[in-house]
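Here's a quick briefing on the open and enclosed spaces in this protein. Have the structure up while you read.

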Amino acid sequence: MIYTVFVPNYLKVSNSPENSIENKIKQFIGTEQPFKIVFTDDFFISGEKILSDGNSFYIDWLSEIPPVLNKGLVLAALSERGDSMMQLLYGERALESKNFLKFNKNGIIGTLNYNPMLDIETIMPTIKTELYDSMEKLTSAFNESEIHAVLIPAHLSNYFVSEIPLVNKQNFHFTEIIPSVGSGVLCAITLENATETRKFLRTAHHLITAECVNVERQLNILANELEISAYVYTDAQHYFHLYAALETDDLGYKKIQLSRSTTFELAETAWEALKV
């Protein structure tokens, strides 16, 4: 069987063959399974219709997926979590000193999310920030020199195709800038009643990643319309560590850190701490 894999258009172009979405899919579901890719921007409008033949599924980064799927769709598999740090990308125009890669203290940084914007303003208090509602607008602003740098999740930086040569990629640890919910994780969505497809995708499902990401997504549901950033990981002793930031009504945000031996009601406990 050859599966049809639907993929959003923004993943069509990558900055290297190694980072192509075709390679990412092979790493996710295995190199032995043949598939064909169809690019679309209509999945969240008519996903059930697009997947109607049952031998197909949709792949995207989990950070771009709403916390609640349309009726009839199911999150069938999650990949092992890859690079999920926030990354600052910039060219020479952002530098005061080319010799020492010293960032211009009056530079302008564009980003896609509110909480990371506040984090970078804390880390680099003299810079200015601009918020954009799509990767396309953010990329255009950078290429037209309206901003000096972009702050985006590392997994999305593979699809940031700049016309201006980049001189540096600076990673920020999740304790500095908490990434978006589901960062660094690919997901596969299919029809709830597509039994054979779900059975196949189950073989690609990464259980430990799912256990962590389920907490993040539950927090996202509890936050409702408020923007939330969350990152959960496990250590060698299988303790769960959660970092989260919630947008507040006074144009600020609140950050917390929790550690538990189980994920049982971890999202609910974190939500109670965040909303106080």
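Which residues line the largest cavity? In this predicted model, the lining is made up of G91, R93, F142, I147, H148 and I164. The pockets get their own notes below.

**The cavity**
- Searching the whole structure turns up one cavity of 30 Å³ or more.
- The largest cavity comes in at about 40 Å³.
- By class, its lining residues split into three nonpolar, two polar and one charged.

**The largest pocket**
- This pocket holds about 800 Å³ of space.
- Its lining runs to 33 residues, and the ones nearest the centre are S63, E64, I65, N113 and D133.
- If you want to find the pocket by secondary structure, look for α2 (43-50), β3 (56-61), α4 (135-143) and β13 (228-234), each of which gives at least two residues to the lining.
- The lining breaks down into 17 nonpolar, nine polar and seven charged residues.

**The second largest pocket**
- Here the volume is about 260 Å³.
- You'll find 16 residues around this pocket, with K24, Q27, W61, G82 and G184 lying nearest its centre.
- Two helices, α1 (21-29) and α5 (154-157), each put at least two residues into the lining.
- As for chemistry, the second largest pocket is lined by nine polar, four nonpolar and three charged residues.

Note on methods: Residues numbered from 1 in each chain as written. Predicted model: local features only at pLDDT ≥ 70, side-chain atom pairs only at ≥ 80, totals over all residues. Heavy atoms only, no water. 1 Å grid on protein atoms, 1.4 Å probe; cavity = no way out; pocket = protein on both sides within 12 Å on 5 of 7 lines; lining within 4 Å. Points joined across faces, edges and corners; volume = space filled by probe spheres on them. Helix = DSSP H or I, 4+ residues; strand = E, 2+ residues; numbered from the N terminus. Nonpolar A, V, L, I, M, F, W, Y, C, P; charged D, E, K, R; others polar.
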